[in-house]
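Me: Could you take a close look at chain A for me, and walk me through how its parts sit together? I'm new to this, so plain words please.

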Amino acid sequence: MKVSKLVLSVSLALGLSTVAQAAEVEVLHWWTSGGEAKSVAELKKMLEARGHQWKDFAVAGGAGESAMTVLKSRVVSGNPPTAAQIKGPSIQEWGGEGVLANLDGIASKEGWDQLLPSVISDGMKYKGKYVAVPVNVHRVNWMWTNPEVFKKAGATVPTTWKEFFIAADKIKAAGMTAVAHGGQPWQDATTFETVVLGSAGADFYTKAFVELDPKTLNSPKMIEALKIFHRIKGYTDSGSPGRDWNLATAMVINGDAGMQFMGDWAKGEFTAAGKVPGKDYLCVAAPGTTTDYTFNVDSFVMFDLDDKEQRKGQNDLASTILSPAFQEVFNLNKGSIPARLNLSMDKFDDCAKVSAKDFVSTAKSNTLLPSMAHGMSTYSSTQGAIYDTITEFYNSDSITAEAAAKKLAKAVAAAK
Amino acid sequence: MSINRILIYGLLGFVALFYLMPLVVMLITSLKDLDEIRSGTLLSLPQSLNFDAWGKAWGTACTGVSCEGLKNYFWNSVVIVVPAVVISTVIGALNGYVLTKWKFKGSNLFFGMLLIGTMIPFQVVLLPMARMLGLLGLAGTTSGLIMVHIIYGLAFTTLFFRNYYISIPSELVNAARIDGAGFWLIFRRIILPLSIPIVVVSVIWQFTQIWNDFLFGVVYSSGDTQPITVALNNLVNTSTGVKEYNVDMAAAIIAALPTLFVYVVAGKYFVKGLTAGAVKG
Amino acid sequence: MNKFSSPRQMLGDYLPKLVVAPTFIAAVIFIYGFMLINAWLSFSSSRMLPKYDWAGFIQYEKLFANDRWWVAAENLLIFGALFIIICLVLGLFMAIFLDQKIRAEGAIRTIYLYPMALSFIVTGTAWKWILNPELGIQRLVREMGFESFTFDWLVNTDMAIYTVVIAGVWQSSGFVMALCLAGLRGVDDNIIKAARIDGASMPFIYRKIIIPGLRPVFFSAFIILTHIAIKSFDLIIALTGGGPGFATDVPATFMYTYSFTRGQIGLGSAASMMMLMAVITIIVPYLYSELREKNNEH
C-alpha cells in the first residue's frame, strides 16, 4: 500500500492536497512528551503492521487548545485528518456538525458493546451510532501522599475533609507544605470538583456539573464546598501560582509536600522517579470520595471521509486501539487503566488494580461520574465558564463564597 | 563634555545589559545540565560547557511521534520564508513606487485602507482563510501557506517602500518622464538602484515576521511540512514528564538563529534603509 | 484631460492602477471581506463551527455581561498605552544618545535591535523563566542576600499585566530606536549648522528642530507599535498563558479562547468586532491627518 515516492513528490510540486493518499492515516494528537509519545509510537507501529501509513500530526499545548484550532480550520477547509484526539461531550458537538464517520461496522464486528462499560460506550456514540473509540480510563479523584511526611508530622491520612484540615495543620506545623498545588485553571478546577464530590456527594455532583442545575450551583452545599476549596490555599506554598502539575508532584516525591490532588497520570512521575506504591507513596481516594470515581477517558474520533482506503485505515486504527495488546501497553505507559473490560491487570501496579476494581464497582452503584475539570461532563463553553469563576475565586481573597456561588450559576447559564 | 560622555556611555551600557540579559540567561541555561539548573540560579555559570542539550534539540528531541529534533523543520521554514519574502517585497516595492510617483485619485485612500488592514488580528482570519484555501484547493499545502504570508505582509512592505520612495525627489522622475521614459524604465533605471537599503529593511522585517510566525504555520501546514516554530512549540510545551529546560532553551536559540544572524549582519543597512531623506537630489 | 493619443498611452495611464490592483483585490477579499464575515458571525449563533444565521445582538449582550471581557479590554488599554508610550520614549532617547558619535555604535545598535529578531514565543518563554519568583530574579536577589526582596509580579493578579509590558518593551523598543536613529540622521545638517551658528544649544535644537522633524518616523513607529500591541497574542500565551486566572487576558486571547477552545465563535467574533471598532476610532483620525498633509507636500 505504499504510494510511489515519485507520485508523492510530483503532486507536492504541483501544490496539490497531499491528504488523499491511499491508506495514509493522519492522526491529530497532542501527546508529544516522553511517556505519551512512546505510547503513540506503539500505536503507529501496530497500525503500520496492518499495512497502513501513519501520518503524524502533533500539536502540543496543554489540553489541546492549539490542536483544536487547527482541527477546526482543517474541517472548515474541507480537509479533515483521518482521526483526532477528542473526548467527552465534544464528541457530541462534532457529531452535531455532521462530519464524523460511522463506526458501527467495525463496532458490531468486534462487539464493542460487550467490551466497553455502557457509561463509556454511550459517550462514544452520536445518536446511537459509534463515532469514536476510547483509549483509556483515568481516575481523577486520587490523592497522592508521601507516608514519610505524614510520619514526620505525626498525621494520619484523612478520609474526610474535616480530617484533612487536621492533618494539614500538623504537616504545616512540622515545617512542610501540606498540599502541593499548581496554580493553573485546570488544576484549580480538578481540586475543586474533588472537594465538591467529597463534601456534597455524588448526586449533588451530578446535579451541579452534569445537569448544570442553577439551584444546585448556587446552594448552601456549594457555598460550603467553595469555602473548603478556598481554605486549601492556606496550605499550599507561595510558589504554587502557575506551577506545572508535574512539578507539584515532584514536591510530594521529594518529601517537600504531603499531599497532591491529581489524576492517575501523576503515577507516571512517581514511577519515573523509581518510587514504589505502598512504600514511597500512597494512592488513596480524595477525602470523602472513597466510593466515588471521577473518570477522564481519552478517545479518538474518526472523520467522515470518502476514500475507501482511508475508511479501511480508520477501521483498522479503531480496532488496534481497542486491541488487548495496545490497551495494555498504552495504559502501562500512561498510568491509566484500559477502557476495554476484563483484561488481565497482572502487569499493572497496585494503584491501577484498585482503580480497575473501583471502576467496576462504582459503575454498579451509580457513583461513576464524568470529570467536569477534564471536559467529560459538559461542553467546553460551560467548562470554561466554570474554570473562570473558580480560578478567579481561588486567586482572589476578596470574593466571598456566597458571591462566588452566585457567579458560578450566572456564568454557567450564560455559557449555554 | 567628558562627564557627559561618561554618562552617555554608562546609560547606553546599562540599557544594553537589559537587552542582553535574557539571551545570556538562555545561553547559559542551555549549557547546564538539569541538576545544575535546579540547584543554581538564573545567572549561575555552568560548571562545564555541556553541549548535550544542543545536540538533543537539533537531532533527537521528541516533537510528536518522531523524535528527530528540529533539523527537518528548519528546512521547511526556509522553503516557506524565501518565496514569501521575495514576492511580498517585490509587490511592496511596486506599490510604493506607484503610490509616490504615479499617484492617482484615491492613492492615499488606498494606502490608508492598507494600513488599517494591518490592525486585523490574525485569529479573526483563521477560519475564513481556511475555507478560502479549501475552495482554492490549497488546503494543507506549502503554497497555500506562502500565499497567506504574502497577503498579510503586503501592507508593511508597501508602507516601507512608500515612505522611502517619497523622499526621492519628484524632479528626477518628472525629468525622465519628459524625456519619454515610461513606467518600467523609470523604475528600473532610477528607482531600483536607489532602493537597496529599503529592500534590506523590507526583507529583514518580512523574514522575521514569517520565520517567527506560529499561528498561520500551525493551522495551514500539516505533518512533514510544518515550520520550525510548530516543532519548537511541540518540543517546549509538552504536558508531562520532566521539563528539560536546557533542551528547551537550546531549541529556542536554534530556531532564532537565522533571524538573529540577519539582524546582526544586516543591522547596519536596516538603519540606513529607514533613514528618510537618505537620498539627496 | 488630454485625449489619449494611442492605445499605448491609454495603457500607460492605467498601468499604475493595474500594478496595485492585485494588492487592492487581496485587501478587499482577505482583509475587508474577512472583516465582514467576522461581523456577520458576530450576529450569528455560531458555536463550534461557523454558522451563517441571524441571531441579532445576543452575542454582544453576552459579551458585555461577561466579566472576563472587561478585564481583557482594560488590560489592552493598560498594556497598549504603556507599551506604545514607553517604546516611543525609550526608543527616542536611546536614539539621541546613540547619535552622539559613539564608538562601537554598530555593536550597541545590534544589541538593542536583536530582540526584534526573536519570535514572541521565545521572548515569552525566556521572560517567564526570568520573572518566575521561584527560579528567576526574585530568587537571584534573595540568594545575593536580600532575603525579603519580592518580585512576584508574574503570579500576582494585579501586577501580572505589567510583566507583559516589560517583555513587550524589551522586544520592540530597539526597533523604535532604529527608526528614530534613522530619522535623526535624516534631518538636514545645514539647518542644524545654521542654528548652531545662531547660538542655539543642543537641547534646544533637539526640541525645536529635530524632534518635530521626526514626525514621519513617529507615524511609522506608532502604526507598527499599535499593530504589535493588538496582535500581542503569542507573547501573552507564552509568558502568562493569560493568567494568573485570566488576569492578563487581552481581547486577542479572549477571542481565541472563546472561538476556538470553548466553541463560542459568535461570542469571539463579537469580541473581535469590538477590538476592531476601538482600533479604527484611534487609527483612522490619525491616518487622516497624517496622510492628508503628505498629499499636499509632494
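**Chain A, part by part**

Reply: In this predicted model, the C-alpha centres of domain 1 and domain 2 of chain A are 29 Å apart. Where does each domain run along the chain? The domain assignment puts domain 1 at 21-138 + 296-352, and domain 2 at 142-295 + 369-415. So have a look at how each domain is written as two stretches of the sequence, following that assignment.

Now for where the two domains meet. On one side there are 17 residues of domain 1 of chain A, and they are in contact with 18 residues of domain 2 of chain A. If you want to find the domain 1 side on screen, go to helix 4 (90-96), strand 7 (136-139) and helix 18 (350-364) of chain A, since each gives at least two residues to the side that touches domain 2. What kinds of residue are on that domain 1 side? Sorted by class, there are 5 nonpolar, 7 polar and 5 charged ones.

Let's zoom out to chain A as a whole. Its secondary structure comes to 20 helices and 15 strands. Along the principal axes, the C-alpha trace spans about 70 × 45 × 45 Å. How does the radius of gyration fit with a compact globule? For 416 residues such a globule would have a value near 22 Å, and chain A has 22 Å, so the two agree. As for what is tucked inside, buried residues make up 59% of the 416 residues in chain A. The contacts are worth a look too: take those between residues at least 6 apart in the sequence of chain A, and 77% of them join residues at least 24 apart.

Next, two odd spots in the backbone. Most residues other than glycine have a negative phi. Lys127(A) is not a glycine, yet it has a positive phi of about 50°. You'll find Lys127(A) in the loop between strand 4 (125-126) and strand 5 (129-130) of chain A. Is Lys127(A) buried or exposed? It is exposed, because there are 8 other C-beta atoms within 10 Å, and 12 or fewer counts as exposed.

The other spot is Asn366(A), again not a glycine, with a positive phi of about 60°. Asn366(A) is in the loop between helix 18 and strand 15 (368-370) of chain A. Helix 18 is one of the elements you met on the domain 1 side that touches domain 2. Asn366(A) counts as exposed, because it has 11 C-beta neighbours inside 10 Å.

Finally, chain A has a neighbour to meet. In all, 23 residues of chain A are in contact with 18 residues of chain C. Helix 3 (65-76) and helix 19 (380-395) of chain A each supply at least two residues of the side that touches chain C. Which element gives the largest share of that side? That would be helix 19 of chain A, with 7 residues. By class, the residues on the side of chain A that touches chain C divide into 7 nonpolar, 10 polar and 6 charged.

Key: Residues numbered from 1 in each chain as written. Chains lettered and ligands numbered in written order. Predicted model: local features only at pLDDT ≥ 70, side-chain atom pairs only at ≥ 80, totals over all residues. Contact = placed C-beta atoms within 7 Å. Helix = DSSP H or I, 4+ residues; strand = E, 2+ residues; numbered from the N terminus. Nonpolar A, V, L, I, M, F, W, Y, C, P; charged D, E, K, R; others polar. Rg over C-alpha atoms; globule rule 2.2 N^0.38 Å. Buried ≥ 20, exposed ≤ 12 C-beta atoms within 10 Å, placed from the backbone.
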